Amino acid sequence: MIPLSLAEIAALTGGRQHDITDPEARITGPVVIDSREAGPGALFAAFAGERADGHDFAAGAVASGAVAVLATRPVGAPAIVVDDVTRALGALARHVVGTLGTQVVALTGSSGKTSTKDLIAQLLERLGPTVWPPGSFNNEIGLPLTALRAEAETRHLVLEMGARGIGHIRYLGELTPPRIGVVLNVGTAHIGEFGGREQIAVAKGELVEVLPPAEEGGVAVLNADDPLVRAMKTRTSARVLLFGEALEADIRAENVRLTERGTPAFTLHTPTGCGDVTMRLYGEHHVSNALAAAAVAHQLGMPAGDIADALSAAGTLSRWRMEVTERADGVTVVNDAYNANPDSMRAALRALSAMGSARATGGEARGGRTWAVLGEMAELGDDALAEHDAIGRLAVRLNVSKLVAVGGREAAWLDMGAKNEGSWGEESVHVSDAEAAVDLLRGELRAGDVVLVKASRSIGLESVAHALLDEGVSNEGNEGGVATR
Ligand SMILES: Nc1ncnc2c1ncn2[C@@H]1O[C@H](COP(=O)(O)OP(=O)(O)OP(=O)(O)O)[C@@H](O)[C@H]1O
Ligand SMILES: [Mg+2]
């Protein structure tokens, strides 16, 4: 981050200095919320969590080199004491971004924010130094922490913005005002909390409302294929750039198909040229994400051919999102256990089905059977039964060889949907927990099989993928308290 003295930080946050001997001592970054990450030059922001209180670790952070602590009470170490640490981080981020004049690109949507953020980052890095968050640092804590990593030479700052209610994106947008704002889609994630899709659209659309007008360089990048997103063009004075497969999209995909490997390929059309894209990422939902990223890169001056090359080279930067691993015995495990909602469940099932077909034509020895190990999609409110039932039915319609529904009541609904759509009842099996799923799969899997593992974050179904891959359980990919939708 740009160096700031403790006196400046106190002034910016409205905080009081405690136990500080040198108010001119400077924070050079990073700003951390985990005391174990504190090192020389750091500012440790203390949060009181459910299990631990950061204030108890303040002295340790300073011993490791942190210059000071941002806290809500004196901690017996140099501290700037504020009423609200989250707000204080926001004030610092606003100052840093305002001072630097970095090009800020923000994106939101119900699904695909992190995947698209990672694509945008991989494109913009080719144009100049780019800062982006790890994983899903997309809320009122994760976003400022990311913005505070920007430095004088940072050309682009790519920010993911999540919302759990009305006003959240506006708050984030005002902290780090974007010039380019991307809205991917309005799905059903957190629909229970929002109270309906229209409300979700209201919340996500706040991003285009905070953009500067067209004359000042504001650009709203909107999904032409999603009516609720497209309609947001009336809520902004920024220039609108549409992406999608719709003919009127400025950034368009034509001839979308799946390669033999099961990854999407398409011809990219931009107002200044075309290019062929063959993605390394799995799942046709990434076409939409790639177009959104292409629109941003186009806006920032990247030629179409370079965009197509960069999209074709892009890999996954964040774990557990369609993470494909082939075992030595020829079984492929697709770990998409980071999260699930009805939209992403459908996209993942279609990807699974395509991967199965690709393998079935790859040679006789390869069976190409597909297994969907699915768990609950949380927070669906009154729609929960219908949505789980529909996913179970879709698995059968896509010819997934076997659905393994894991868990309680919601898993029973998945299983019931599949059984009602199928004919023999063998299309699906319901097991009570991850362990039972692993036991079942261990006895059945053979070369050429593809196994998709997916459920909502709270279910922790990555344990199934880890067990199938003989990996220990790690915390990677679990981004704790810094992510919301
Ligand atoms: N455009 C898309 N449409 C539907 N599903 C998608 C799309 N892009 C990604 N997904 C799926 O959605 C899930 C979450 O992806 P990702 O982490 O990129 O989204 P996110 O919006 O950042 O999620 P979160 O709100 O949890 O931060 C993954 O399982 C992925 O397969
Ligand atoms: Mg995310």
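Student: Which domains does the domain assignment of the protein give?

Tutor: The model is a predicted one, and the assignment divides the protein into domain 1 (4-82), domain 2 (88-313) and domain 3 (323-484).

Student: How many residues of domain 2 and of domain 3 are in contact, and what area is buried between the two domains?

Tutor: On the side of domain 2 there are 28 residues in contact with 22 residues of domain 3, while the centres of these two domains, taken over C-alpha atoms, are separated by 28 Å. The buried area comes to about 1,900 Å², and carbon and sulfur atoms give 54% of that area.

Student: How many salt bridges are counted between domain 2 and domain 3?

Tutor: The count is two salt bridges between domain 2 and domain 3, and across the interface of these domains the rule also finds two residue pairs in polar contact, both at pLDDT 80 or more. As for the composition of the side of domain 2 that touches domain 3, seven residues are nonpolar, 15 are polar and six are charged. Helix H7 (residues 191-194) gives the largest share of that side, with three residues.

Student: Turning to the sheet, in what order do the nine strands lie, and is the pairing mixed or uniform?

Tutor: As a general idea, the strands of a sheet pair through backbone hydrogen bonds, in either a parallel or an antiparallel sense. Here the sheet is open, its nine strands follow the order S9-S10-S8-S11-S12-S13-S14-S15-S16, and the pairing is mixed. Strand S9 (130-131) and strand S16 (273-278) are the edge strands, each of which pairs on one side only.

Student: How many bridges join strand S13 to S14, and over how many do S14 and S15 pair?

Tutor: Strand S13 (residues 239-244) runs parallel to S14 and is joined to S14 by two bridges, whereas strand S14 (residues 251-258) pairs with strand S15 (residues 264-270) in the antiparallel sense over five bridges. Arg-252 in S14 is a useful residue to follow: Gly-244 stands opposite Arg-252, and in S15 the bridge partner of Arg-252 is His-269. Further along the S14 and S15 pairing, Leu-258 stands opposite Pro-264 in S15.

Student: What phi does Asn-255 have, and what phi does Gly-262 take?

Tutor: The general expectation is that most residues other than glycine have a negative phi. Asn-255, which lies in strand S14, has a positive phi of about 55 degrees although this residue is not a glycine. Gly-262 also takes a positive phi, near 95 degrees, in the hairpin of S14 and S15, where five residues stand between the strands.

Student: Which residues does a cis peptide bond join, and where is Pro-30 found?

Tutor: Most peptide bonds are trans. In this model a cis peptide bond joins Gly-29 and Pro-30, with omega about 0 degrees, and Pro-30 is found in the loop between strand S3 (26-27) and strand S4 (31-32).

Methods: Residues are numbered from 1 along each chain as its sequence is written. Chains are lettered from A and ligands numbered from 1 in the order in which they are written. This is a predicted model: local features need pLDDT of at least 70, side-chain atom pairs count only at pLDDT 80 or more; totals for chains, interfaces and linings use all residues. Side-chain values use heavy atoms; hydrogens and water are left out. Domain bounds come from an automatic or database domain assignment. Contact means heavy atoms within 4.5 Å. Buried area is the accessible area (1.4 Å probe) that two parts lose on being put together, summed over both. A salt bridge is a side-chain nitrogen of Lys or Arg within 4 Å of a carboxyl oxygen of Asp or Glu. A polar contact is a pair of N or O atoms within 3.5 Å; within protein, one must be able to donate a hydrogen and the other to accept it, and residues adjacent in sequence count only if both atoms are side-chain atoms. Helices (H or I, at least four residues) and strands (E, at least two) are DSSP runs, numbered from the N terminus. Ala, Val, Leu, Ile, Met, Phe, Trp, Tyr, Cys and Pro count as nonpolar, Asp, Glu, Lys and Arg as charged, and the others, Gly among them, as polar. Two strands pair if DSSP finds at least two bridges between them.
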